[in-house]
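Open the model in your viewer and keep the selection tool handy. We will walk through it stop by stop, with something to select at each one.

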Amino acid sequence: MDPGDPTGDPTTGERRCTGQDPLLLLQALQTLWSTRERQQLQEEAWRGFAALDDPLAGLLDMLESCRGRRGEGPSLEAWISRQLQCWLQAQPCPSPAQAVMLGTTLKLQPELDVEKMSVPLLLQDKVALVERYVAGFPDLQRRLLALMDSWCQPGFDIKDVAR
């Protein structure tokens, strides 16, 4: 492959990006925002969200790109955030692994319930994800170990956890 190949040949050190670039989506939405074609704007936004590799990370990129701009009236950024929320609610629920990966990426582990985040993964034998989730957080590690120790007590029934 050509070293300047934009597809991201691993030998060139470039990242392979299969989804839409969030900044290109933002440009398209900015153009439609100025035309006041709200139905077309919403359709383009939802199509764009579906094409992003990671819609939440894409939102962060879009918001970061818009930082410092001030305009009159309601902001496109607020509208995009609300539309993404509506789009996400219309999507199937993410798997526990996706919820854990997002929490880890955004470093939200101390804010989330370690039991609710880790139990589904432990039941699916995804221990490596749970380990990554609690890595660097000694308090979460202690809470996870206490939870797992409680599973070793007499009278414990895994059906209660699975329920």
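Colour the chain by secondary structure to begin: this predicted model has 9 helices and 0 strands. Following the sequence from start to end, you read α-α-α-α-α-α-α-α-α. The chain has 163 residues, and 28% of them count as buried. Among contacts with a separation of 6 or more, 60% join residues 24 or more positions apart.

**Stop 1: the largest core**

Select Leu29, Phe49, Met62, Leu76, Trp79 and Ile80 and show their side chains. These residues have the most contacts inside the largest nonpolar core, which has 17 residues. Now add the helices around them: H1 (22–35), H2 (38–51), H3 (55–66) and H4 (76–90) each supply at least two residues of this core. In soluble globular proteins, nonpolar side chains tend to be buried together.

Stay here and centre on Trp79. Which residues does Trp79 touch, leaving out those up to four places away in sequence? Show Trp33, Leu41, Gln42 and Ala45, and you have them.

**Stop 2: the other core**

Next, select Leu121, Leu129, Tyr133 and Leu144. They are among the 15 residues of another core, which lies apart from the largest one.

**Stop 3: H6 against H7**

Hide the rest and keep H6 (114–123) with H7 (127–134). Their axes are 8 Å apart, and the packing angle is about 160°. An angle over 145 degrees counts as roughly antiparallel, so that is how H6 and H7 run relative to each other. Their crossing is left-handed.

To see the contact itself, show Val114, Met117, Ser118, Leu121 and Leu122 on the H6 side, which meet Val127, Leu129, Val130, Tyr133 and Val134 on the H7 side. Coloured by class, this contact has 9 nonpolar residues, 1 polar residue and no charged ones.

Before leaving, select Asp125 in the loop between H6 and H7. Asp125 is not a glycine, yet its phi is positive, at about 60°. Is Asp125 buried or exposed? Its relative accessible area is 63%, and exposed means over 50%, so Asp125 is exposed.

**Stop 4: H6 against H8**

Keep H6 and swap H7 for H8 (residues 138–150), whose axis is 11 Å from that of H6. Here the packing angle is about 55°, which makes H6 oblique to H8. H6 passes H8 in a right-handed crossing.

Show Val114, Glu115, Ser118, Val119 and Leu122 in H6; they meet Leu140, Arg143, Leu144, Leu147 and Met148 in H8. By class, you should find 7 nonpolar, 1 polar and 2 charged residues in this contact.

**Stop 5: the loop between H5 and H6**

Finally, move to the loop that joins H5 (96–105) to H6, and select Gln109. Gln109 counts as buried because its relative accessibility is 3%, and buried means under 20%. Leaving out residues up to four places away in sequence, Gln109 touches Gly103, Thr104, Tyr133, Phe137 and Leu140. Tyr133 will be familiar from the other core.

Lys107 sits in this loop between H5 and H6 as well. With a relative accessible area of 61%, Lys107 is exposed. Check its backbone too: phi of Lys107 is near 55°, a positive value in a residue other than glycine. Most residues other than glycine have a negative phi.

Note on methods. Residues are numbered from 1 along each chain as its sequence is written. This is a predicted model: local features need pLDDT of at least 70, side-chain atom pairs count only at pLDDT 80 or more; totals for chains, interfaces and linings use all residues. Side-chain values use heavy atoms; hydrogens and water are left out. A nonpolar core is a set of buried Ala, Val, Leu, Ile, Met, Phe, Trp, Tyr and Cys residues joined through side-chain atoms within 4.5 Å. Buried means under 20% relative accessible area, exposed over 50%, partly exposed in between (1.4 Å probe, protein chains only). Helices (H or I, at least four residues) and strands (E, at least two) are DSSP runs, numbered from the N terminus. Contact means heavy atoms within 4.5 Å. Axes are lines fitted to C-alpha atoms, for helices over the stretch in contact, and angles run from 0 to 180 degrees between N-to-C directions. Angles under 35 degrees count as roughly parallel, over 145 as roughly antiparallel, 65 to 115 as roughly perpendicular and the rest as oblique. A crossing is left-handed if the near helix is turned anticlockwise from the far one by less than a right angle, and right-handed if clockwise. Ala, Val, Leu, Ile, Met, Phe, Trp, Tyr, Cys and Pro count as nonpolar, Asp, Glu, Lys and Arg as charged, and the others, Gly among them, as polar.
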